[in-house]
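Visitor: I'd like to poke at the vocabulary people use for models like this one. Could you walk me through it?

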Amino acid sequence: MNAITQLQTPDVSSPACLMEIADTTEHMEPVVEGILWSRLRRMKARLQEVLADPQYGTTARAMHQMYQSIGSDRQARVLLSSEFCEQYLCLESARKGRLEAGADEQERAEEQARALGALHDIIAREKSIAELAQGRTGRYLREARQWQLYSPVGDCVAEKDATGVWTLRQLPKLGDCIALDLESPPARHHEPRSGVLSQPCLALTDAEREHVSRKLAAALAAIDRSEPMYGLLIRNFVRRITVRKSAEVTSDEAGRYGSEHVPRQPGSIRLLNTHNPELLVEACMESIMHESTHNYLAAWELANGFFVANDYQHRVVSPWSGNPIPNSSYIHAVFVYYVCHRLLKRHLVMSPDLGEAAKRHVQRRLAVCAAGFLIEQDLSGRLMTKDAINGEVGQMIDQMQAEMKRQYRYGEWQQ
């Protein structure tokens with residue numbers, strides 16, 4: 001990442017820059033880099049806010065000392081990890097809660113202490129893993145009671161044997177930089193409100209692990225082949241892919257697939273039951289692209305704020321799902337379905353030898369992605385808010401709708 005600092009990145013504070021994902025012109029690469037750096041600067045500023053807060057005392061001073069002792073690449077790994085963002089948001093929520101009238105002071109204080117301790121632990125883990133990679137076992141590992149400690153981005157794990165000796169094991173990666181998380185505590189965690197992590201957690205067999213790795217690698221390779229700029233976007237905005245197995249292949253539930261992006265965990269996406277052989281590479285392509293697009297948009301929002309105010313009393317009815325959703329989710333959906341349609345269409349063009357089953361699947365998914373754009377009403381006109389809509393946002397989603405209608409009017413998508 002140090003080399004990128006030498007590049008002149010464009011101003012990415014305007015939402016109009018996000019249209020590069022729809023057009024994939026020669027300007028997309030600097031826009032992707034610019035948004036990534038904006039997010040990194042924003043997370044660094046958030047850490048500095050914590051470290052400068054006098055109420056955090058000795059813990060903040062210890063965090064600052066550890067953070068300063070690791071190299072800039074390690075600092076970036078901490079700041080871009082989904083764990084760091086999630087714990088910072090927990091800390092900020094607890095801090096604000098303590099300022100509200102009627103808040104349970106003791107409960108909020110405990111939440112604040114837990115989140116601060118988690119941030120301290122994230123930096124300490126990254127520092128200890130950096131030391132172990134150089135053959136040194138630092139104090140953190142010597143005093144650790146756990147037998148395994150995973151890096152904040154989930155790409156390696158420090159393991160202790162029966163004699164107390166620590167070693168470092170690298171975990172599978174996609175595209176040389178995306179951690180494939182099949183086993184860490186976050187991957188095994190039960191999260192009731194998650195569509196993926198609320199499902200039962202079953203251990204993957206060695207054969208299933210190998211199958212998942214091969215299938216997802218094939219999906220990413222197909223994305224690179226179909227639209228290289230989307231491969232670039234995925235590598236910049238996805239640091240970790242968590243895979244959950246919830247059913248055996250022989251089970252009636254084996255066909256239950258899913259994926260999700262969680263806003264509080266930018267850089268991380270979740271996949272469900274990817275181990276099933278019946279799940280096509282093309283389905284994995286779409287899931288990865290779908291959730292990566294959410295991550296791309298969320299990174300811009302982290303640095304610049306939501307596209308439009310979310311008025312939870314007035315929701316937009318999605319023309320794709322028919323469900324009422326917040327404004328920001330609706331804008332995300334427009335981008336996601338446009339990008340996935342573009343990717344799958346390109347995949348058909350770039351894969352003339354595609355099997356019939358895969359071709360039928362892609363044709364069905366193209367129809368699903370296109371459906372929401374082909375309604376009579378302008379997509380921007382469906383936004384529900386008391387505040388004025390950012391003109392650039394409205395123009396972007398209407399521009400994507402107009403392009404999709406143009407393709408289907410003349411049958412260009414079938415060529």
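## Names put to the test

Guide: Sure, and keep in mind that this is a predicted model. Let's start with two helices: the axes of α10 (residues 228–237) and α11 come within 9 Å of each other, crossing at roughly 60 degrees.

Visitor: What makes α10 and α11 a contact, and which residues make it?

Guide: The cut-off is heavy atoms within 4.5 Å. On the α10 side, Y230, L233, I234 and F237 make the contact, and on the α11 side I288, M289, S292, N295, Y296 and A299 do. By class that gives 8 nonpolar, 2 polar and no charged residues.

Visitor: Why is the crossing of α10 and α11 called left-handed?

Guide: The word applies if the near helix is turned anticlockwise from the far one by less than a right angle. The pair crosses at roughly 60 degrees, and the crossing is left-handed.

Visitor: How do you know that β7 and β8 pair?

Guide: Pairing takes at least two bridges. β7 and β8 (residues 268–272) are joined by 4 bridges, so they pair, and they run antiparallel. For a spot to look at, E260 stands opposite R270 in β8.

Visitor: Why are β4 and β7 called edge strands?

Guide: Their sheet is open, with 5 strands in the order β4-β5-β6-β8-β7 and mixed pairing. β4 (173–174) and β7 (258–261) each have a single partner strand, so each has one side without a neighbour in the sheet.

Visitor: What about β1 and β2: how many bridges do they have?

Guide: They have 3 bridges, in the antiparallel sense. The threshold is at least two, so β1 and β2 (residues 156–160) count as paired. L149 stands opposite A158 in β2. Helix α6 (residues 105–133) packs on that sheet, touching β1, β2 and β3, and its direction makes about 95 degrees with that of β3.

Visitor: Now the largest pocket. What is its volume, and which residues are closest to its centre?

Guide: The volume is about 1300 Å³. Of the 40 lining residues, H261, P263, H294, S329 and H332 are the closest to the centre.

Visitor: Which element supplies the largest share of that lining?

Guide: That's α11, with 10 residues. β7, β8, α11 (281–304), α12 (327–350) and α13 (356–371) each supply at least two.

Visitor: And how do the lining residues divide by class?

Guide: The split is 17 nonpolar, 16 polar and 7 charged.

Technical notes
Residues are numbered from 1 along each chain as its sequence is written. This is a predicted model: local features need pLDDT of at least 70, side-chain atom pairs count only at pLDDT 80 or more; totals for chains, interfaces and linings use all residues. Side-chain values use heavy atoms; hydrogens and water are left out. On a 1 Å grid over the protein atoms alone, a cavity is a set of points where a 1.4 Å probe fits but cannot get out, and a pocket is an open set with protein on both sides within 12 Å along at least five of seven lines; lining residues have an atom within 4 Å of a point. Grid points are joined across faces, edges and corners, and a volume is the space filled by probe spheres set on the points. Ala, Val, Leu, Ile, Met, Phe, Trp, Tyr, Cys and Pro count as nonpolar, Asp, Glu, Lys and Arg as charged, and the others, Gly among them, as polar. Axes are lines fitted to C-alpha atoms, for helices over the stretch in contact, and angles run from 0 to 180 degrees between N-to-C directions.
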